[in-house]
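Please open the structure in your viewer and keep the selection tool at hand, since this tour moves from one group of residues to the next.

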Amino acid sequence: MSELSRGISQLAEALDGAQRVAALTGAGVSAESGVPTFRGDKGLWKGFEPQQLATPGAFSRDPAMVWEWYDWRRGLIAACEPNPGHRALARLEAELADFWLITQNVDRLHQKGGSQRVLEVHGDIWTLRCFEECGYQVLEERTGIPELQRCPDCGAPLRPGVVWFGEGLPEETLHQAGLAAATCQVFLVIGTSSVVYPAAGLADLAASRGAQVFEINPDPASRIRGVTVLQGPSGEVLPEVVAALEARRKGPRT
Ligand code: OAD
């Protein structure tokens, strides 16, 4: 049995016995859909400087440029479909009694792939909200949005509904993610380089509370002690995990 097959069986067994399961996903989960990741040779941060594009200061200095960059990304994402990894996570939600999907992704491909209970800790790219935080926000799932829309309530510019560097994460969402991590028996870390906090700290929190931690990544990155690594692309590994879980549940019980 290969190390990967052993890992898949161990994870299926752990999922089968768990009351509560949580998963943290990152850009790698959408890589097989064609959405660029952030780090690595072909990552977005190789060609663009985060400080020039993904901070409130950058938006204040040059809102048109920031707007254009996000609209370009919206266009890239609009051309992408959920992959078998997204669909497998939706299956897990249906299969398990209590499953929390925490994502750093802003592309909404988890929802498109069928997941319903998604905690978007870095916001989402399709929501536009008031830069002055007057409370206005709108979901605009289309591209080619004309530059510099104004808030209909207060006239301030509208901004993408993502979390920028230097900003806090949405409080209630982060609270729920923390609760899920602290109380689950199994925690999955999938397709993330685990370098951006506080999201990366959720796996540490889960491990410190006794959860079994599994990582799915072709280039494993988490440094959690005792983590079981399933090395491979999530679009291939996750469907195998679901198949193994379903086979266990259909098979004879001992
Ligand atoms: P990164 O680009 O930092 O990391 C992507 C991870 O996905 C790497 O560990 C890859 O090895 C892995 N990967 C690549 N292909 C994969 C595949 N097919 N299956 C599974 N894994 C694969 O992306 P994130 O960790 O999501 O923040 O980045 C975290 C945050 O940094 C983002 O949410 C964004 C960025 O700056 C904000 O915008 C606030």
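**A tour of two pockets**

In this predicted model, begin with the second largest pocket, whose lining, sorted by class, has 4 nonpolar, 6 polar and 6 charged residues. The volume of this second largest pocket is about 210 Å³. To find the place on screen, select G123, R129, Q137, G161 and P170, which are the closest to the centre among the 16 residues that line the second largest pocket. Next, colour the strands β4 (123-130) and β6 (158-162), because these are the elements that give two or more residues to this lining, where an element is a helix or a strand. Of the elements, β4 gives the most to the lining of the second largest pocket, with 4 residues.

Now move to the largest pocket, which holds about 1,100 Å³ of space. Here 48 residues form the lining, and the ones to select are A27, T37, F38, R39 and S193, which lie closest to the centre of the largest pocket.

With those residues still shown, add the helices α2 (28-31), α3 (44-47) and α6 (63-78), each of which supplies at least two residues of the lining of the largest pocket. Which element should be highlighted for the largest share of this lining? That element is α6, from which 4 residues of the lining of the largest pocket come.

As a last step, colour the lining of the largest pocket by class, and the view should show 26 nonpolar, 15 polar and 7 charged residues.

Methods
Residues are numbered from 1 along each chain as its sequence is written. This is a predicted model: local features need pLDDT of at least 70, side-chain atom pairs count only at pLDDT 80 or more; totals for chains, interfaces and linings use all residues. Side-chain values use heavy atoms; hydrogens and water are left out. On a 1 Å grid over the protein atoms alone, a cavity is a set of points where a 1.4 Å probe fits but cannot get out, and a pocket is an open set with protein on both sides within 12 Å along at least five of seven lines; lining residues have an atom within 4 Å of a point. Grid points are joined across faces, edges and corners, and a volume is the space filled by probe spheres set on the points. Ala, Val, Leu, Ile, Met, Phe, Trp, Tyr, Cys and Pro count as nonpolar, Asp, Glu, Lys and Arg as charged, and the others, Gly among them, as polar.
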